[in-house]
Amino acid sequence: MVQRVKLTGDYESALYSAGGTVQAAEKIHQGEIDNAFVFTSFGDHHVGRNFYGGMCYFNGAALAITSLKEKGVKRFAIVDTDCHHADGTRDIFGNDDDVLHVCLCYQDYVDNHNNVDVKIPYRTSDEEYLARMRQEFVPRVVAFKPDYLFWEFGYDATQGEYGDKGLTKDCHLKLARLVKGVADEVCHGRLITILCGGSSRAIATYTIPRIIGCLAELE
Ligand SMILES: [Zn+2]
Ligand SMILES: [Zn+2]
């Protein structure tokens, strides 16, 4: 797989994308930073053990979790608000009971290995989406007590995006406050936010500085 990625022309950017997530985790582990927003060129959640695709080449979250496990960290939660199903991350951690994976996508699914999918209808509202997060994600992550929380922040479900589900761009800031609050409550604020799907520069330039402001407790 690595050899194939080398031939794509995206190899260096793909390495920086995944490496940024690994470095963020290591810096938090060393106490250098409290949390992180990882500016990726390519996403990670469509990368499994033996496949990649969907503009994802390496699974940065999985590599970061593997790196932290090698340092003795035990439990991890991943919440995914990208529009699409995190098939790769699920492939990697599907049988790992030490990883809670809550993915908001197009199906409802729950199993005995801490994997949860939350079906978001074709059209939804900010209020409905946030309500689903409060119902399906918050109680589970509070009960799970992870050491680290990873947030796959995709904005492709925003109005006008390729995965448009009707969310406004302000929904992401509300999500950031919710996710940050949960991380503060359950894992000493150890939160790694990974830029995932989305294509609009206007939405990115509106949301990302505000999310970083929220992570830095400026907003
Ligand atoms: Zn899913
Ligand atoms: Zn997506």
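This is a chat about the metal sites, a central strand pairing and the nonpolar cores of a predicted model.

Visitor: Let's start with the zinc ion (ligand 1): which residues coordinate it?
Guide: In this predicted model, the zinc ion (ligand 1) is held by H85 through ND1, by C103 and C105 through their SG atoms, and by D117 through OD, at 2.1 to 2.3 Å.

Visitor: And what arrangement do those four donor atoms make?
Guide: The arrangement is tetrahedral, because the angles subtended by the four donor atoms run from 102 to 116° and the criterion asks that all angles lie between 85 and 135 degrees.

Visitor: How are the donors of that ion spaced along the chain?
Guide: Their spacing reads H-x17-C-x1-C-x11-D, and the site links distant parts of the chain, since H85 sits in the loop between β2 and α4 while D117 belongs to strand β5, 32 residues apart.

Visitor: Are H85 and D117 buried or exposed?
Guide: Both H85 and D117 are buried.

Visitor: Now the other one, the zinc ion (ligand 2): what coordinates it?
Guide: The zinc ion (ligand 2) takes two OD donors from D82, ND1 from H84 and an OD from D156, at 1.9 to 2.7 Å.

Visitor: What angles do its donor atoms subtend?
Guide: They subtend angles of 53 to 157°, which makes the arrangement around the zinc ion (ligand 2) irregular.

Visitor: Where in the chain do D82 and D156 sit?
Guide: The donor residues follow the spacing D-x1-H-x71-D, with D82 in the loop between β2 (76-80) and α4 (87-93) and D156 in the loop between β6 (148-153) and α6 (170-186), 74 residues apart. D82 counts as buried because its relative accessible area is 1%, under the 20% cut-off, and D156 is likewise buried at 1% relative accessibility.

Visitor: Switching to β3, how many of its residues are buried?
Guide: Strand β3 (residues 99-105) is mostly covered, with seven of its seven residues buried. V99, H101, C103 and C105 point one way, whereas L100, V102 and L104 point the other way. In a regular strand, side chains alternate between the two faces of the sheet. Two of the residues named here, C103 and C105, are also donors to the zinc ion (ligand 1).

Visitor: Which strands does β3 pair with, then?
Guide: β3 runs parallel to β2, joined by five bridges, with V79 opposite V102. It also pairs in the parallel sense with β5 (residues 115-119), again over five bridges, and there H101 has N115 as its bridge partner. Together, β2, α4 and β3 make a right-handed β-α-β unit.

Visitor: What about α4, and G88 in particular: which residues is it in contact with?
Guide: G88 lies in helix α4 and is buried, with a relative accessible area of 0%. Apart from neighbours within four places in sequence, G88 is in contact with H45, H46, V47, G48, F51 and N59.

Visitor: Last topic, the largest nonpolar core: how many residues has it?
Guide: The largest nonpolar core has 41 residues, and those with the most contacts inside it are M133, F137, L149 and W151. Helix α6 gives the largest share, nine residues.

Visitor: Which residues is M133 in contact with?
Guide: Setting aside neighbours within four places in sequence, M133 is in contact with V79, T81, L104, V138, L175, L178 and V179. A second, separate core of 20 residues includes V22, A36, I78 and V99.

Definitions and conventions: Residues numbered from 1 in each chain as written. Chains lettered and ligands numbered in written order. Predicted model: local features only at pLDDT ≥ 70, side-chain atom pairs only at ≥ 80, totals over all residues. Heavy atoms only, no water. Donors = N, O, S within 2.8 Å, 3.2 Å for Na, K, Ca; no water. Tetrahedral: all angles 85-135°; square planar, octahedral: opposite > 155°, others 65-115°. Helix = DSSP H or I, 4+ residues; strand = E, 2+ residues; numbered from the N terminus. Buried < 20%, exposed > 50% of the residue type's maximum accessible area, 1.4 Å probe, protein only. Pairing = 2+ DSSP bridges. Right-handed = clockwise from strand over helix to strand, strands pointing away. Core = buried A, V, L, I, M, F, W, Y, C linked by side-chain atoms within 4.5 Å. Contact = heavy atoms within 4.5 Å.
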